[in-house]
Amino acid sequence: RRRRLLLRPSLHTVFLRLHGALANRTAPARRDLHSADDQARAVLDERPHRDAVAYAATAHLPPAEALFRPAPASARGPHLDAMMLDGYVKAGHVDRARRLFDGMAVKSVAAWTCLVSGYCRAGRVEEARALFDAMPARSVVSWTAMAQGYARSGMLRGARELFDQMPERNVVTWTVMVKAYADHGHFQEAVELFDRMPQRNPYSWSAMISGFLRAGKVDEAVRLFER
């Protein structure tokens with residue numbers, strides 16, 4: 001027993017020494033980098049083949065553009081274009097995203113939807129709708145993005161008309177519409193849709209409860225919470 005007790009600290013010490021050695025070996029390269037953002041950029045810079053996709057995904061648009069623009073045709077493709085498009089949209093550069101989109105040889109449903117969502121986030125609902133109407137094919141995500149664009153801009157009638165036309169709806173679609181009604185104080189319509197939902201998730205319930213609370217309807221909010 002005494003031999004085992006003596007061995008345990010020894011093994012523990014060896015482990016700590018190995019751990020410390022590994023940490024010291026990698027520490028100098030990152031010593032001056034304080035944020036996760038800086039570390040992510042440093043990793044990209046050290047790669048022998050830096051790519052615009054990684055930079056766009058981390059929202060570093062200047063280096064992403066510097067790599068993307070001179071890329072040969074053989075290196076371009078739907079995936080690279082879509083990632084750059086998404087980077088522009090997330091950064092709020094909708095016009096740049098549109099120029100890229102117009103020049104894309106292949107436009108996937110996801111690319112169309114990304115730009116529609118970008119216009120909606122920028123409050124440019126009419127341009128989003130024109131693009132939506134021009135889509136050769138749509139997914140449930142496309143329909144939901146457009147409906148949410150109407151809802152965010154307070155255009156509930158347009159959102160509801162689109163909602164009623166949808167060939168397919170999921171729990172996110174239903175929740176977007178329910179939340180829109182609740183946020184704008186249309187509780188009768190919100191409750192009607194909420195009760196019709198085929199399935200609900202915690203966000204659906206929270207959207208309703210929050211809407212009632214903001215309107216001072218505490219009893220109704222409590223009843224929903226208890227359900």
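Accessible areas here come from the Shrake-Rupley method with a 1.4 Å probe. On that basis, the protein in your viewer, a predicted model, exposes about 14,000 Å², and carbon and sulfur atoms supply 54% of it.

**Whole chain.** Start with everything selected and colour by secondary structure. You'll get 14 helices and zero strands. Of the 227 residues, 36% count as buried. Looking at contacts between residues at least 6 apart in sequence, 43% join residues at least 24 apart.

**Helix α9.** Now select residues 140-152, which make up helix α9. Try a quick ruler check: its end C-alpha atoms are 18 Å apart, which agrees with the 18 Å that 13 residues should span at 1.5 Å a residue. Is this helix mostly covered or mostly open? Mostly covered: ten of its 13 residues are buried. Show the side chains of the buried set, among them Val140, Trp143, Met146 and Tyr150. Ser142 and Thr144 are buried too, as are Ala145, Ala147, Gly149 and Ala151.

What does the covering? Add α7 (109-121) and α8 (125-134) to the view, then α10 (156-165) and α11 (171-183); the cover over the buried residues of α9 includes these four.

Before moving on, click Gly154, just after α9: its phi is positive, about 75 degrees.

**A surface patch.** Last stop: select Leu213, Val218 and Val222 and switch on the surface. Together they make a nonpolar patch of about 240 Å². Leu213 sits in helix α13 (residues 202-214). Leu213 has a relative accessible area of 46%, so it counts as partly exposed, a class that lies between the 20% cut-off for buried and the 50% cut-off for exposed.

Note on methods
Residues numbered from 1 in each chain as written. Predicted model: local features only at pLDDT ≥ 70, side-chain atom pairs only at ≥ 80, totals over all residues. Heavy atoms only, no water. Helix = DSSP H or I, 4+ residues; strand = E, 2+ residues; numbered from the N terminus. Expected span 1.5 Å × (residues − 1). Buried < 20%, exposed > 50% of the residue type's maximum accessible area, 1.4 Å probe, protein only. Contact = heavy atoms within 4.5 Å. Patch = residues over 30% accessible without salt bridge, like charges linked within 9 Å, V, L, I, M, F, W, Y side chains within 5 Å. Salt bridge = Lys/Arg side-chain N within 4 Å of Asp/Glu carboxyl O.
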